[in-house]
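Work through the exercises below with the model open. Try each task before reading its solution.

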Amino acid sequence: MGIFSRLKMGWNLSMDSLRVLRKQPELTLFPVISGIAGLLFIALLFGGSYVLNLFEGTMAFVVLFAFYLGTAFIASFFNAGLVYSARESFEGREPSVKSGLQAAWRHKTPLFVWAVISATVGMLLRAIESDDSIVSSIVALVVSVAWSIITYFIIPVIVFEDVGPLEMFKRSGQTFKNTWGETAGANFGVGLVSILFVLVGLLIAAVVFIGLGGFSGGAGFFAAAGIAAVVILGAALLSTALGAIAKTALYVYATEGKRPPEFENVDFDRGAR
């Protein structure tokens, strides 16, 4: 399959993921709740650390590790619920936020183990990047890319397979190897949809800004700024939800050799039709 065929397939994959999302709009609640929980955690962590004066010496590293660990676990937990719910939709069942969170809770231990490992790697990458040299920058980039590849399917593996910490990385890496072209196409499609969403939203904000008097009217500025903020936030939620749905579809294809019925426009073996 050529690069253009893969990109076209990625676009169709993102479009079919969008149809799944329109059919099951409650799936967007997972990134919404995740974002709220993450902000609350950060506020409590740094607010408490400031009050207790924990930003000096060794405790500063402890706080930083806690930040990486907490944000990784929160993101992974709600992403696990989203992935599970997407699979439920593929199987013709009615997903819900409750059932998704219950599924994530059943896998809380491996999700926490994954968060600890992710936080450790994050700290190591930060340490490498702190050395302002070309070699360090290259090493950090290579490690970061390799880490992203190896762990791309880590959440679906945790949710749908009963494997240990070492095996989860092996299974995730193997799944990526089997679908690397499709994965690149999916990321391209989801990214393009998100960009188009932002461009349309910003165009609307610009029209509102001009229509309300531009810089000569304060109302136009605040209205346009509000629309732009909502658009950017919406694009982030859309990208997260579409990415998880597409990733789940790719996982099902790679591990079971079947195409989810919602993805009728995608032939995973031969590219987009």
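**Exercise 1. One helix and its two faces**

Which residues in helix 6 are buried?

Solution. First, the ground rules. This is a predicted model, in which local features need pLDDT of at least 70 and side-chain atom pairs count only at pLDDT 80 or more, while totals for chains, interfaces and linings use all residues. Residues are numbered from 1 along each chain as its sequence is written, and side-chain values use heavy atoms, with hydrogens and water left out.

Step 1. Locate the helix. Helix 6 covers residues 134-150. Helices here are DSSP runs (H or I, at least four residues), numbered from the N terminus.

Step 2. Check its length. Helix 6 has 17 residues and reaches 24 Å from its first C-alpha to its last, close to the 24 Å expected at 1.5 Å a residue. The expected span is 1.5 Å times one less than the number of residues.

Step 3. List the buried positions. They are S136, A140 and W147. Buried means under 20% relative accessible area, exposed over 50%, and partly exposed in between (1.4 Å probe, protein chains only).

Step 4. Look down the axis. The buried residues of helix 6 fall within an arc of 35°, so they line one face of the helix. The arc is that of the directions from the helix axis to the C-beta atoms. An α-helix has 3.6 residues a turn, so residues three or four places apart point the same way.

Step 5. Turn to the other side. The face away from the buried side of helix 6 carries the exposed residues I134, V135, L141 and V142.

Step 6. Find the cover. Helix 5 (108-129) and helix 8 (165-178) are among what covers the buried residues of helix 6.

**Exercise 2. Two helix pairs**

Describe how helix 6 packs with helix 8, then do the same for helix 3 and helix 5.

Solution. Two packed helices are described by the angle between their axes and the distance between the axes.

Step 1. Take helix 6 and helix 8. Their axes come within 7 Å and cross at roughly 90°. Axes are lines fitted to C-alpha atoms, for helices over the stretch in contact, and angles run from 0 to 180 degrees between N-to-C directions.

Step 2. Classify the pair. Helix 6 and helix 8 are therefore roughly perpendicular to each other. Angles under 35 degrees count as roughly parallel, over 145 as roughly antiparallel, 65 to 115 as roughly perpendicular and the rest as oblique.

Step 3. Name the contact. W147, I149 and I150 of helix 6 meet F169, S172, G173 and F176 of helix 8. Contact means heavy atoms within 4.5 Å.

Step 4. Take helix 3 (residues 58-90) and helix 5. They pack at an angle of about 135°, with axes 8 Å apart. They are therefore oblique to each other.

Step 5. Name some partners. On the helix 3 side, the residues include F61, F65, Y68 and F77. On the helix 5 side, they include F112, W114, M123 and R126.

**Exercise 3. The sides of helix 4**

Which residues of helix 4 are buried, and which helices do they pack against?

Solution. Step 1. In helix 4 (residues 97-106), V97, S99, G100, A103 and A104 are buried. They cover an arc of only 170° around the axis, which puts them on the same side of helix 4.

Step 2. These buried residues pack against helix 2, helix 3 and helix 5.

Step 3. The face turned away from the buried side carries the exposed residues K98, W105 and R106.

**Exercise 4. Single residues**

Place S14, V157 and N53, and give the accessibility of each.

Solution. Step 1. S14 lies in helix 1 (residues 3-23). At 1% relative accessibility, S14 counts as buried. Leaving out residues up to four places away in sequence, S14 touches G189, V190, V193 and L242.

Step 2. V157 sits in helix 7 (residues 154-160). V157 is buried, with a relative accessible area of 0%. With the same sequence exclusion of up to four places, V157 touches V163, M168, R171, S172 and Y251.

Step 3. N53 is in the loop between helix 2 (29-51) and helix 3. At 49% relative accessibility, N53 counts as partly exposed. Its phi is near 60°, a positive value in a residue other than glycine.
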